[in-house]
There are 2 protein chains.
Amino acid sequence: MKKILLIIPFLIAGLYTNAQTNTYQKDSIVIAKMQGYILENSVCYEDLRVLCKTIGNRISGSDAAAKAVEWGKLALRNAGADKVYLQPVMVPHWVRGIEEFAITTKAGKKQAFHPLGLGNTIGTSADGISNDVIEVRNMEELEKLGIENINGKIVFFNHPWNQHVSNPFNEYGNSVYYRWAGPSLAAKFGATACLIRSAGSGYDDFAHTGSMRYDSNFKKIPAMALSYKEANELEKLLRANNVAKGMLLSTSHFEADVLSYNVIGEINGSDLKDEIITVGGHLDSWDIGEGAHDDGAGCVQSIEVIRAMKKMGIKPRRTVRCVLFMNEENGLKGGNEYARLAVELKEKHICAIETDAGGFSPRGFSMSCSKAHRAKIQSWKKLFYPLGVYDFDEEGGGADIGPLHKNLGTPVMELSPDPQRYFDLHHTANDVFEQVNRRELSMGALVLASMVYMIGEYGLE
Amino acid sequence: MKKILLIIPFLIAGLYTNAQTNTYQKDSIVIAKMQGYILENSVCYEDLRVLCKTIGNRISGSDAAAKAVEWGKLALRNAGADKVYLQPVMVPHWVRGIEEFAITTKAGKKQAFHPLGLGNTIGTSADGISNDVIEVRNMEELEKLGIENINGKIVFFNHPWNQHVSNPFNEYGNSVYYRWAGPSLAAKFGATACLIRSAGSGYDDFAHTGSMRYDSNFKKIPAMALSYKEANELEKLLRANNVAKGMLLSTSHFEADVLSYNVIGEINGSDLKDEIITVGGHLDSWDIGEGAHDDGAGCVQSIEVIRAMKKMGIKPRRTVRCVLFMNEENGLKGGNEYARLAVELKEKHICAIETDAGGFSPRGFSMSCSKAHRAKIQSWKKLFYPLGVYDFDEEGGGADIGPLHKNLGTPVMELSPDPQRYFDLHHTANDVFEQVNRRELSMGALVLASMVYMIGEYGLE
């Protein structure tokens, strides 16, 4: 057994060196050049500071989102893109209003909470809603209680985040179900409004917003999230049978759709310029905090790919296209339009890479592609290992490049940073510039640039 | 080539499953139990809050260090250790005093800086030092300038942190050389005082302290560090030839040695209780900030190993000994005394594991041991991979367990967390509780507990 173990490292090293000695040396040198440039200068970190601190949060359709489009154009020009242009797209414009939730105890004492409306929720009438509050921990409990217990009440989906899961991205799907579908599920049983325990990993006061969707079969009811601590408080009061009534008020609403844009910057490929590699993040954010990790980080990292290549004189064989997508958070209009145009223009997309999982230390890439594509990428592992990047085994991609994968079959990938902190911050007022570390952000940009360089040079076929 | 690639995962999986199917299943279940307990409850995070916020920084010999000893005893008792005791050790007591550095420009304007004395530095006379300031970037420049240019001057070692290095731990050795040896090297050429550019990776206002050592062949001169930004400022002024004089004042000094303690908590082994596994961090810290990552994190993670095993009813075959070492930062008296006693008491130390590289997401273990020991540890990789821990290839160990390795030949290991943020915070006023993430800290504790469990069960032979 030990003998086999000792042989393996040589086998792995051999994978590269036997067939690709010369390119490995050349590629290492190119990556080292970008490494020196990116880690020393960290211009992406300064880009992020400007985005977060001079524009701040930027929900689709807002004035801030329009300013972010201008910021993106300028940033891509400053990065040295050969071509910078906009892709028009109509986006929804959801506006958060006044949001209140309070309970009256059995003793008649009023206790106010600090709810955060879920994205896309409707508001209440001006008088608000005043009803009993009922806790359900999951779908099974809701169904068991049935219409006779739920009708006319405010449902509190008290589904806890499972802390046991080592990679919080593997838990997100479970918890987000109640955010996404919960309000309509509650409405199906006659609920008048829906509260959820935030879909997040923090033990703190920050409520997490995020998209929800109404099922057109049921009545639309307003929906809000409570922070971990306030969900605990409401749980305690309800279980002590000490809640006489819940009062919920919201003036959140949609306004008319707004013309907005995907912002695009390109480096022209040399001999294979018709082959396009997309690299991008999303420019819109939720309307709280600063959208620093989600997804200012992804935007500035993608811009850094352009800058590092141009500054270091790296001329990719294929066209590298940095896309700052609009409206990932509550509509995906930008991602859909990008894919629609790709079809219409008969573009040849050989790969798309998204970075939308936070500006933390990079650890790998997830991907949705053929086995042969994955094997080719894995044959480059040795270049990435010294950067702390080792995991190329997971399935994945990204929301904005999903339509490209679905409609054109484009191989898609997503940068996988260290996952532990993301869901403490995600969609909260605490997703601010100060939560981003310069070296972590820059390491992510470097790894992204290295992957784009390799695909630009060798393709995936 | 592709075929070989596809075979490798099976080979790796096979390493475990062929020979150890039953133990793998059993071990997975034990680790999953600890995972559920540690990640859900994160008591180590609350322990760290108490240490940082009720005691704060705790340099050897200080009242705070004495309080930290009491805290450690209580924390280990609360964790359920079978036995808690102290190991007396005399430690130095260095006390930071007033620290000033200012320059006068050629135009006669005074400009004050915010220097931070290096640990163990002497002070100046009450009048301070007033001399010319001369910049040297490295040893070669110092030697080239020679005594004729250095004598009677304040030397400013302006050695920049190399940002290009992907793992900052690989750069620390280069930069720390000027902190450790710089003052005596400057004194050799007649310098009256020594300033250094901080040995740290941040682009900020935080100066980094840390140990220095006087070479007894040369005169002791006072030594201070400047933050990145202030080092840039001084560099600018000096290169513009705009510094008429530097004034340096310090009342830092040593007081008499103080009786202090290593704090120890044990779980008795079952059938192999004479075989000891040490797991620990250091209880002392520098006298600024809160010693959160360095090394409050390591202390509470090591205590968590005891708690998780006791709470989950895991009875290790070998004795697990958690050691909170005293005086790692400026003397290593605790680590030396621990090894001395191990020899005197004829203890059988089969392994020692240190955690002193920050409470960030764990990525691997470095180690100094035989090839056979390493191979045995690597055969457990499959258990650690789902926790994001993949790297068992590096050489390493830790300062406090170094004497055990040197004197008894004990195999030593160190937990390797993600390295990007450590040297932004290390030895600065910014190493505070708020810089530690609950899930990252807890993941480190879990990985540590898992490794201790495996060695407790199977040893390293």
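A residue counts as buried here when its relative accessible area is under 20%. With that cut-off in hand, a good place to start in this predicted model is Arg197(B), which has a relative accessibility of 9% and therefore counts as buried. Arg197(B) belongs to strand E8 of chain B, a stretch that covers residues 193-197. Its side chain makes a polar contact of 3.2 Å with the side chain of Glu235(B). Leaving aside residues up to four places away in sequence, Arg197(B) touches a run of residues that includes Phe156(B), Phe157(B), Asn158(B), His159(B) and Pro160(B). Also among the residues it touches are Leu226(B), Tyr228(B), Ala231(B) and Asn232(B), along with Glu235(B) itself.

Next comes a sheet in chain B. Here 4 strands line up in the order E3-E2-E10-E5 to make an open sheet, with antiparallel pairing. Strand E3 (110-113) and strand E5 (129-131) of chain B sit at the edges with a single partner strand each, so one side of each has no neighbour in the sheet. From one strand to the next, the twist averages 20°. Helix H7 of chain B, residues 228-239, packs on this sheet and touches E2, E3 and strand E10 (243-250) of chain B. The direction of that helix makes about 150° with that of E3(B). As for the pairing itself, strand E2 of chain B (residues 99-105) runs antiparallel to E3(B), and 4 bridges join the two. Within this pair, Ala102(B) stands opposite Ala112(B) of E3(B). In general terms, it is backbone hydrogen bonds that pair the strands of a sheet, in either a parallel or an antiparallel way.

Over in chain A, strand E2 (residues 99-105) is mostly covered, with 6 of its 7 residues buried. E2(A) pairs with two strands that can be taken in turn. With strand E10 of chain A (residues 243-250), the pairing is antiparallel and spans 7 bridges. With strand E3 of chain A (residues 110-113), it is again antiparallel, over 4 bridges. Ile103(A) is a handy landmark for both pairings: its bridge partner in E10(A) is Gly246(A), and in E3(A) it stands opposite Gln111(A). E2(A) and E3(A) make a hairpin, with 4 residues between the two strands. One residue in that turn, Gly108(A), has a positive phi of about 90°.

Helix H7 of chain A (residues 228-239) is 12 residues in length, and the distance from its first C-alpha to its last is 16 Å, close to the 16 Å expected at 1.5 Å a residue. Its buried residues are Glu230(A), Ala231(A), Leu234(A), Leu237(A) and Leu238(A). Looking down the axis of H7(A), these residues fall within an arc of 125°, so they line one face of the helix. The general background is that an α-helix has 3.6 residues a turn, so residues three or four places apart point the same way. After H7(A) comes Asn241(A), a residue in the loop between H7 and E10 of chain A. Asn241(A) is not a glycine, yet its phi is positive, at about 55°. With a relative accessibility of 53%, Asn241(A) counts as exposed.

Helix H2 of chain B (residues 43-55) tells a similar kind of story. At 1.5 Å a residue its 13 residues should span 18 Å, and the end C-alpha atoms are indeed 18 Å apart. The buried residues of H2(B) are Cys44(B), Asp47(B), Leu48(B), Leu51(B), Cys52(B) and Ile55(B). They take up an arc of only 120° around the axis, which puts them on the same side of H2(B). What they pack against is helix H3 (63-79), H8 and helix H14 (438-458) of chain B. Gly56(B) follows the helix, with a positive phi near 80°.

A few backbone details round things off. In chain A, the peptide bond joining Asp294(A) and Asp295(A) is cis, with omega about 0°, and Asp295(A) lies in helix H8 (residues 292-311) of that chain. In chain B, the bond from Asp294(B) to Asp295(B) is likewise cis, with omega near 0°, and Asp295(B) lies in helix H8 (residues 292-311) of chain B. Leu332(A), a residue other than glycine, has a positive phi near 60°. Leu332(A) is in the loop between strand E13 (318-325) and helix H9 (333-344) of chain A.

How values were computed. Residues numbered from 1 in each chain as written. Chains lettered and ligands numbered in written order. Predicted model: local features only at pLDDT ≥ 70, side-chain atom pairs only at ≥ 80, totals over all residues. Heavy atoms only, no water. Pairing = 2+ DSSP bridges. Axes fitted to C-alpha atoms, helices over the stretch in contact; angles between N-to-C directions. Contact = heavy atoms within 4.5 Å. Expected span 1.5 Å × (residues − 1). Buried < 20%, exposed > 50% of the residue type's maximum accessible area, 1.4 Å probe, protein only. Arc of directions from axis to C-beta. Polar contact = N/O pair within 3.5 Å; in protein donor to acceptor, adjacent residues only side chain to side chain.
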